[in-house]
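Work through the exercises below with the sequence and the model at hand. Each task is followed by a solution in steps.

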Amino acid sequence: MGLVSNVADDGLAGLEHNVLTGRIEDLVRWARKRSCWPATFGLACCAIEMMATGGAHYDLARFGMEVFRASPRQADLMIVAGRVSQKMAPVLRTIYDQMMEPKWVISMGVCASSGGMFNNYAIVQGVDQVVPVDVYAPGCPPGPETLLQAIITLHEQIETGEILRRRGDEGVGARIVIDQVDGQAAPVLLANRTTDR
């Protein structure tokens, strides 16, 4: 009875938002969340875990993401899986620039996020120096569960529109760091370890 009186009093404004009365921007965000197409960009051991996420056990297909696109012009999500060398950085940036807008980036693993154990001149010390990162998935390597959590976190941010607002205000990615959820122990930093020497 309440719904009928709301419609009688307010017309279509009295209806709850649905496909007929929803705002266009909400429908666009809903569609973007459910149509992320990742680009193929595996660089090291994290790529094996990324491939495992697409397998039958973890079923990336339930998110509509089972096909990793070979062309950046067909992709809107880049999962940087592994360490990025100085020679690979311009290639990564070129692929990112060719992706369609709006585009998203997940940094998978400690090597992509901060250079990991490769603290030298040949490895980029964080892929955020090359492309804006939206979600950081920690681990060495992060398991498929952690990558799925990163994807779900990204999807939530896409649907709320928060990522686009942040990019407009700050000009960088969302920089969301998630927890490692695959049961592996978090890596211990050498600077925090004590030795008997």
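**Exercise 1: The surroundings of Leu77**

In this predicted model, list the residues in contact with Leu77, leaving aside its neighbours within four places in sequence.

Solution. Step 1: set aside the neighbours within four places of Leu77 in sequence. Step 2: the contacts that remain are Cys36, Trp37, Pro38, Ala39, Met65, Met99, Trp104, Val105, Ile106 and Leu154.

**Exercise 2: The nonpolar cores**

Find the residues with the most contacts inside the largest nonpolar core, and state which elements supply this core.

Solution. Step 1: the largest nonpolar core has 26 residues, and Leu77, Ile106 and Leu154 have the most contacts inside it. Step 2: at least two residues of this core come from each of α3 (46-53), β2 (77-81), β3 (104-108), β4 (135-137) and α6 (144-160). Step 3: α6 gives the largest share, six residues. Step 4: another core, of 16 residues, lies apart from this one and includes Met99, Val130, Val131 and Tyr136.

**Exercise 3: Cysteines**

How many disulfides does the structure hold? Examine Cys45 as a case.

Solution. Step 1: the cysteine sulfur closest to that of Cys45 is in Cys46, at 5.0 Å. Step 2: a disulfide needs the two sulfur atoms within 2.5 Å, so 5.0 Å is too far for a bond. Step 3: the structure holds zero disulfides.

**Exercise 4: Buried or exposed**

Classify Cys36, Cys45 and Val28 by relative accessibility.

Solution. Step 1: buried means under 20%, and exposed means over 50%. Step 2: Cys36, at 0%, is therefore buried. Step 3: Cys45, at 46%, is partly exposed. Step 4: Val28, at 33%, is also partly exposed.

Notes:
Residues numbered from 1 in each chain as written. Predicted model: local features only at pLDDT ≥ 70, side-chain atom pairs only at ≥ 80, totals over all residues. Heavy atoms only, no water. Buried < 20%, exposed > 50% of the residue type's maximum accessible area, 1.4 Å probe, protein only. Core = buried A, V, L, I, M, F, W, Y, C linked by side-chain atoms within 4.5 Å. Helix = DSSP H or I, 4+ residues; strand = E, 2+ residues; numbered from the N terminus. Contact = heavy atoms within 4.5 Å.
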